[in-house]
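Subject: Structure handover

Hello,

Here is the structure I promised to pass on. Please open it alongside this email.

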Amino acid sequence: MGLNRLEQVLERDADALRLDDELLDLFFKEPLTIAGAHFRTLRNHGTDSRPRFQPTLLDQVLHDFVGGIGMDLEVGRERAYGWKGLPGLKFPTDEGFDGREHDLVEDRLAGLQREAQECHRRTVTQTRCPAQPSRPVGLERDVQLTVEDRELVWRRLQGGRCTLDNLRWDLALGNMGSMSLSRAVVWFKRDLRVHDHAPLAAAVGFQDALALYVFEPEWLQSPECDASHVEFALGCLRELRASLADRGLPLLVRVGSAVAVLAQLHIEFSFTQLLSHEETGPGWSYTRDLEVGRWCAAQEIRWREFPQNGVIRRLRSRSGWSAAWKARMDEPVIPLSRGFRAATTSAQPALPTLGDLGLRPHAKTLQAAGEHAAQRTLANFLSERGAHYRRALGSPLAAATACSRLSPHLAFGTISLRTVHQASVAAIDEAASRQLAYSLRGFAGRLRWHCHFMQKLEDQPTIEFQNFARVYDELRADDFDEERFAAWCAGRTGYPMVDACMRSLLATGWLNFRMRAMLVSFASYHLWLHWRRPGLFLARQFLDFEPGIHWSQMQMQSGTTGINTLRMYSPTKQARDQDPEGLFIRRWLPELARVPRTHLAEPWRMSLTMQREAGCMIGAHYPAPIVDEKSALRSAKERLYGVRQSPEARAEADAIQARHGSRRSGLPPSGKGRSAVRKRKTTRKPEESAAPEAQGDLFA
Ligand SMILES: Cc1cc2nc3c(=O)[nH]c(=O)nc-3n(C[C@H](O)[C@H](O)[C@H](O)COP(=O)(O)OP(=O)(O)OC[C@H]3O[C@@H](n4cnc5c(N)ncnc54)[C@H](O)[C@@H]3O)c2cc1C
């Protein structure tokens, strides 16, 4: 009965399945039976990319066994598959085998186990047993499911990382039996935390494990990297190292190209598995991943990459994406891993300094780094700050406290998106006020945008360098104005809202969404600059630089996606709407401190007398506007709409929409009380629903 049940489950596409209790029970009680079922399934359904297991372990053992005692193979099979409640290799004699049969089987299995262990000692990663090249090593290993191994498996299962498919595959490759003999390296990248960390959970079961972080010159020298990013990473690593040491896992921090560091580490600590999260990074990291993949293959090291957000690798179609995102976000968070068996001492050399890494100090005041700071930030946002989220979103001043400020933590992975999602859903359900619940729902939706944009880069890495819609390639091709660019970077364009935003960003590394969009719109439309260099400049300034979101947004706010509405922000209108008292502008532009509130959006309109009285002479203390807003915008519109209305542009837009555009998700909003929200939504003021932050049509 157990076998039928197992086979049924094994036959199904089990990717998303978790082992239920009954199955677990069977697994621990009847490992060989499961192995038999498992191998048979693989044999029957093996694909070209997966090895076929023929003959199965059980058949092989039985063959020897029944041959030895002259029993019919089919009868032996029947009896073998009928074994019940056999822990490991102990066959009770009262189940149909006599003492002699039992001893023979024991002998044979013990022999196989010795052979496998010897083979494993000689070559841990070989897929063929050297003694008998025709036989996959995994078969022998599977017979060594010791009590200890079972405990390890338990821990993996409790860690929530073992789907039936994992289990099936690990059984096939003999990982269960060999787990206690192999060594793992957990490679930390943009996932600097111990909670909800799949690679860490997977490392618990290995004989030895090490954690590794690499400061790669490719990153440090990339045009997107800033010393502030590295300092934040160092802060996270400091805390991470202590948290890992508490759990018995040393964190090695090395400097060098990933392959070189891994190769050196392999000499020092011959690891058999590399465990990491998937990364949707810039071009250099994509190239590095390919190199690491090749190196692992050459060394016969198994590199296991785990997803860490809603981005789906090798996605075929955007249809159904939202549901897949939600399914990932609703998976249980992975409990904290403990009890590592470390390969070396936890005491490690001090972390490098910025200077050691060849970087100069920066002048930013940064958010607190590390996992604790991330958890605190999330908690105080969900309980208090978030109440004003929707209302305050557009204002650079109010948003600084009313937005979650989780973006650097999500970018460096000090908290998982799933943790944030699940905490938000819980907070919505338990919110003390309707306003808080309503605001948090808006926030929860943005977590989906996070992955929606990253998915674009995952699916099309070229968007970091090239227009989504290539019909726009000729626009802004050869007319990059260096002076305008320099003024924009320095916050000296003569438009106070643009300049205040830029200077605030240079000082803090953060800006709210609307003001980011305005900065880019100003660079792309008013100043007619191609998005790539402003994008690199902003990438360095944003502490939360997340390539997939960043490059998609850069192109969206520059009008080159081909599918989004063109949004051209007026910096004077934004100043009046979002900073009516002029508090933000005065804070960041001290030269305008005494300019009357009525003239803060357009100080160049002050008379000379007013300028004198305000102690701010335009052109001397503060620049005159770098371009005329109206004529600059008119010219930008003419050029863009000229291309946008062409048949080629329309055809290309259709293709882009099909590949990257959002679909109606059909998902309800997060949390309870949805009908009340819907009702309220319909009564929202028109200017609110038209706010660009809404972007509802784009991000189903
Ligand atoms: C030109 C431009 C570049 C941007 N570059 C980045 C970037 O490099 N990294 C980054 O995290 N965000 C980027 N954003 C999106 C957005 O501005 C930031 O996510 C947000 O301001 C971060 O602050 P918060 O965490 O307090 O956001 P909240 O409003 O509290 O939102 C919570 C989280 O939701 C996600 N989110 C919110 N808004 C968006 C959005 N419009 N698109 C995608 N995800 C969103 C982010 O992960 C954010 O941390 C960019 C926006 C623009 C216009």
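Below are notes on the ligand surroundings and on three helix pairs.

Bear in mind that this is a predicted model.

**Around the ligand**

Start with the ligand. It is surrounded by 27 residues. The closest are Cys 403, Ser 404, Ser 407, His 550 and Gln 553. Four elements each give two or more residues to this shell: α20 (407-412), α22 (434-459), α25 (513-526) and α27 (547-556). Of the elements, α22 gives the most, with six residues.

What is the shell made of, by class? It has 15 nonpolar, seven polar and five charged residues. Two domains each supply at least three residues to the shell. They are domain 3 (371-459 + 670-698) and domain 4 (470-660).

**α24 with α25**

One of the shell elements, α25, also packs against another helix, α24 (residues 496-508). The angle between α24 and α25 is about 115°, and their axes are 10 Å apart. The crossing is left-handed. On the α24 side, the contact uses Val 498, Cys 501 and Met 502. On the α25 side, it uses Met 515, Met 518, Leu 519 and Phe 522. By class, that contact has seven nonpolar residues, no polar ones and no charged ones.

**α24 with α28**

Helix α24 also meets helix α28 (residues 571-578). Their axes come within 7 Å and cross at roughly 70°. Angles of 65 to 115 degrees count as roughly perpendicular, so α24 and α28 are roughly perpendicular to each other. Pro 496, Met 497 and Val 498 of α24 face Pro 571, Gln 574 and Ala 575 of α28 in this contact. Val 498 of α24 is thus listed in the contact with α25 and in the one with α28. The residues of the α24 and α28 contact divide into five nonpolar, one polar and no charged.

**α14 with α15**

The last pair is helix α14 (residues 258-268) and helix α15 (residues 283-299). How do their axes run? They come within 9 Å and cross at roughly 25°. That angle makes α14 roughly parallel to α15. The crossing is right-handed. From α14, the contact takes Ala 258, Val 259, Leu 262, Ala 263 and His 266. From α15, it takes Arg 288, Glu 291, Val 292, Trp 295 and Gln 299. This contact holds six nonpolar, two polar and two charged residues.

Best wishes

Technical notes: Residues are numbered from 1 along each chain as its sequence is written. This is a predicted model: local features need pLDDT of at least 70, side-chain atom pairs count only at pLDDT 80 or more; totals for chains, interfaces and linings use all residues. Axes are lines fitted to C-alpha atoms, for helices over the stretch in contact, and angles run from 0 to 180 degrees between N-to-C directions. Angles under 35 degrees count as roughly parallel, over 145 as roughly antiparallel, 65 to 115 as roughly perpendicular and the rest as oblique. A crossing is left-handed if the near helix is turned anticlockwise from the far one by less than a right angle, and right-handed if clockwise. Two residues are in contact if their C-beta atoms, placed from the backbone, lie within 7 Å. Ala, Val, Leu, Ile, Met, Phe, Trp, Tyr, Cys and Pro count as nonpolar, Asp, Glu, Lys and Arg as charged, and the others, Gly among them, as polar. A residue is near a molecule or strand if its C-beta atom, placed from the backbone, lies within 6 Å of it. Domain bounds come from an automatic or database domain assignment.
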